[in-house]
Amino acid sequence: MKAFQRARKPEEKEVRREAILAAARQIASEVGPMELGLNEIGRRSGVSKPNIYRYFESREHILLHLLVTEMEELLEDMEARLGRRPLKRSTVAARFVAAWLGRPLLCQLLGMVTSILEHNLSVDAIAESKIRIVALTGQAAAAMVRVLPWLDPGDAAWAVQAIALYVAGLWPAAHPSQAAVEVLSRPEFASFRPVAERDLARFVEVILAGLDATKA
């Protein structure tokens, strides 16, 4: 890609910023977010590595922006899948699974938040992302309450957070290294083989059933 000239106007800066994010997202989707490098982002975006730091504090800052973008798109997908009519718990769980596991980049990024993404960043950068995530969590909770009218909004928000935390741990466990795959194929380790679709659906159903039981 042809290199950009230095941006001076706000709209020019926004174009550079979006080019960086688009390139980063493409690379992360291809090789995984752990392998994302600023040199390759610069090559694909046309913004040199030194100039990337004019827009983002670090590689982690870019990945955190990608996480928020992925969550925004997840919410749109989830709202469309859930609709507005009351649903059974099992139906809600199935649609949650389809929405979450259909976004592998998001699932990978979630597992990196506390251990990687929130390091090498300023307090302001972390706070900015969390403000947006809190708002998205509230919107997701509202979508759940629309289809599960018995669900308290506060409990719905807690459920959304719990599901996200479970996905963060489930995804890497369900996608282990090749050596781990060989080990887990042994009969004695059968109970340690996670299946993302099955286990996430069960987790969501158990969470919702527990919350429902507290209303009795």
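Colleague: Into how many nonpolar, polar and charged residues does the lining of the largest pocket divide?

Modeller: Good place to start! Bear in mind that this is a predicted model. The lining divides into 17 nonpolar, 4 polar and 2 charged residues. The pocket itself has a volume of about 570 Å³.

Colleague: Which elements give two or more residues to that lining?

Modeller: Those are α4, α7 (113-117), α8 and α9. The largest share, 7 residues, comes from α8. In total 23 residues line the pocket, and Met 71, Leu 110, Ile 133, Thr 137 and Ala 164 lie nearest its centre.

Colleague: Let's look at α8, then. What should helix α8 span, and how far apart are its end C-alpha atoms?

Modeller: The idea is to count 1.5 Å a residue and compare that with the model. Helix α8, residues 123-147, has 25 residues and should span 36 Å; its end C-alpha atoms are 37 Å apart, which agrees. You can try the comparison on α5 too: its 13 residues should span 18 Å, and its end C-alpha atoms are 18 Å apart, so the two agree.

Colleague: Which residues of α8 are buried?

Modeller: Among them are Ala 125, Ile 126, Leu 136, Thr 137 and Met 144. Thr 137 is worth finding on screen, as this buried residue of α8 is also listed with those nearest the centre of the largest pocket. What covers the buried residues of α8 includes α4 (59-82), α5 (89-101), α9 (153-174) and α11 (196-213).

Colleague: And which residues of α5 are buried?

Modeller: They are Val 92, Ala 93, Phe 96, Val 97, Ala 99, Trp 100 and Leu 101. Their cover includes α4, α6 (104-110), α8, α9 and α11.

Colleague: How about a single residue: is Glu 70 buried or exposed?

Modeller: Here we compare the relative accessible area with a cut-off: under 20% counts as buried. Glu 70 has 5%, so this residue is buried. Glu 70 lies in helix α4, and its side chain makes a polar contact with the side chain of Arg 25 at 2.9 Å. Leaving aside neighbours within four places in sequence, Glu 70 is in contact with Arg 25, Arg 103, Leu 105 and Leu 106.

Colleague: What is the relative accessible area of Val 181?

Modeller: The value is 38%, so Val 181 is partly exposed. You will find Val 181 in helix α10, residues 178-184. Now look across to Arg 193: the two residues are 12 residues apart along the chain, and their C-alpha atoms are separated by 8.8 Å.

Notes
Residues numbered from 1 in each chain as written. Predicted model: local features only at pLDDT ≥ 70, side-chain atom pairs only at ≥ 80, totals over all residues. Heavy atoms only, no water. Helix = DSSP H or I, 4+ residues; strand = E, 2+ residues; numbered from the N terminus. Expected span 1.5 Å × (residues − 1). Buried < 20%, exposed > 50% of the residue type's maximum accessible area, 1.4 Å probe, protein only. Contact = heavy atoms within 4.5 Å. Polar contact = N/O pair within 3.5 Å; in protein donor to acceptor, adjacent residues only side chain to side chain. 1 Å grid on protein atoms, 1.4 Å probe; cavity = no way out; pocket = protein on both sides within 12 Å on 5 of 7 lines; lining within 4 Å. Points joined across faces, edges and corners; volume = space filled by probe spheres on them. Nonpolar A, V, L, I, M, F, W, Y, C, P; charged D, E, K, R; others polar.
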